[in-house]
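Hello,

Here is the structure I promised to pass on to you. Have a look at it first, and then read on for what I found.

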Amino acid sequence: MPLVVNCSYVKHWLLGSPSPHARSILLSSRSAIWEEFWSSGMGEAAAGGGGGFSVELTGPRIYSCSNCRSHIADHDDIISKAFQGRNGRAYLFSHVVNTSVGQKEDRHLMTGLHTVADIFCQQCQEILGWKYERAYEESQKYKEGKFILEKAKVMKEDW
Ligand SMILES: [Zn+2]
């Protein structure tokens, strides 16, 4: 059963360095659901570490897997919409949830050599895009640790 958490909590937890605002929320709200989130190991799953838990995002603009409807990302986390995927348009996100990361490999992309790893839907194993593990060109470094989602592989969840 998915545990519903406010997506900003997940987002800032995934970020590793919460904003001062988020940190004050974390410090001041040790609610039961938040305790459960921390103790369940779900944070690890949310970051792509597996474990069989799924995270349900609660923002107004959620992208989900077009194959199985698992929540994947929050529209607020889009860095750029001007990316090219394997099959057309793709978006660059700062965070995703409910995904697993495959083997790293070097790929020559239009913007130079990158080390990337495919990302899969944790629920249905569909390839959704890839993660930029490393960029070699200085101008492309901003992509490191970020995620490409193919537009054709995700859908808007009721918005
Ligand atoms: Zn899926």
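Is C65 buried or exposed? C65 counts as buried, because its relative accessibility is 0%. Please keep in mind while you read that this is a predicted model.

**The zinc site**

I began with C65 since it is one of the protein donors of the zinc ion. The others are C68, C121 and C124, and each of the four gives its SG atom, at 2.3 Å from the metal. Along the sequence the donor residues follow the spacing C-x2-C-x52-C-x2-C. C65 and C124 link distant parts of the chain: they are 59 residues apart, with C65 in strand 3 (residues 62-65) and C124 in the loop between strand 8 (112-121) and strand 9 (127-135). C124 counts as partly exposed, because its relative accessibility is 24%, whereas C65 is at 0%.

The geometry is tetrahedral because the angles subtended by the four donor atoms around the zinc ion run from 100 to 116 degrees. For comparison, the ideal angle for four tetrahedral donors is 109.5 degrees.

**The three-stranded sheet**

Strand 3, which holds C65, also belongs to an open sheet of three strands in the order 4-3-11, paired antiparallel. Strand 4 (71-74) and strand 11 (154-156) are its edges, each pairing on one side only. From one strand to the next the twist averages 35 degrees. Strand 3 and strand 11 are joined by three bridges, and Y63 stands opposite K156 of strand 11.

The loop from strand 3 to strand 4 holds R69. R69 is not a glycine, yet its phi is positive, at about 70 degrees. Most residues other than glycine have a negative phi. R69 counts as partly exposed because its relative accessibility is 41%.

**The six-stranded sheet**

The other sheet to look at is open too, with six strands in the order 5-6-10-9-8-7 and antiparallel pairing. Its edge strands are strand 5 (78-85) and strand 7, each of which pairs on one side only. Neighbouring strands here are turned by 30 degrees against each other on average, direction ignored.

Within this sheet, strand 7 and strand 8 run antiparallel and share nine bridges. A hairpin through two residues connects them, and V101 has I119 in strand 8 as its bridge partner. Strand 6 and strand 10 are also antiparallel, with four bridges between them; F93 stands opposite F147 in strand 10.

Between strand 6 (88-93) and strand 7 (99-109) there is a loop that contains N98. N98 is another residue other than glycine with a positive phi, near 60 degrees. N98 is buried, because its relative accessible area is 3%.

**The interior**

Which residues have the most contacts inside the largest nonpolar core? They are Y63, I72, A73, F93, V96, L128 and L149, in a core of 14 residues. Strand 3, strand 4, strand 6, strand 8 and strand 10 (147-150) each supply at least two residues of this core. Two of the residues listed have already come up in the sheets: Y63 as the residue opposite K156, and F93 as the residue opposite F147. Apart from this core lies another one of seven residues, including L92, V116, W130 and Y132. In soluble globular proteins, nonpolar side chains tend to be buried together.

E150 may also catch your eye. E150 sits in strand 10 and counts as buried because its relative accessibility is 3%. Leaving out residues up to four places away in sequence, E150 touches G85, R86, N87, G88, R89, A90, L128, G129 and W130. Among these contacts, L128 is also one of the residues with the most contacts inside the largest nonpolar core, while W130 belongs to the core of seven residues.

**The whole protein**

Finally, some totals. The secondary structure comes to four helices and 11 strands. Of the 159 residues in the protein, 45% are buried. Among contacts between residues at least 6 apart in sequence, 51% join residues at least 24 apart.

Best wishes

Methods
Residues are numbered from 1 along each chain as its sequence is written. This is a predicted model: local features need pLDDT of at least 70, side-chain atom pairs count only at pLDDT 80 or more; totals for chains, interfaces and linings use all residues. Side-chain values use heavy atoms; hydrogens and water are left out. Donors are N, O and S atoms within 2.8 Å of the metal (3.2 Å for Na, K and Ca); water is not among the atoms, so sites may look incomplete. Four donors count as tetrahedral if all angles lie between 85 and 135 degrees; four count as square planar and six as octahedral if opposite donors are over 155 degrees apart and all others between 65 and 115; anything else is irregular. Buried means under 20% relative accessible area, exposed over 50%, partly exposed in between (1.4 Å probe, protein chains only). Two strands pair if DSSP finds at least two bridges between them. Axes are lines fitted to C-alpha atoms, for helices over the stretch in contact, and angles run from 0 to 180 degrees between N-to-C directions. A nonpolar core is a set of buried Ala, Val, Leu, Ile, Met, Phe, Trp, Tyr and Cys residues joined through side-chain atoms within 4.5 Å. Contact means heavy atoms within 4.5 Å.
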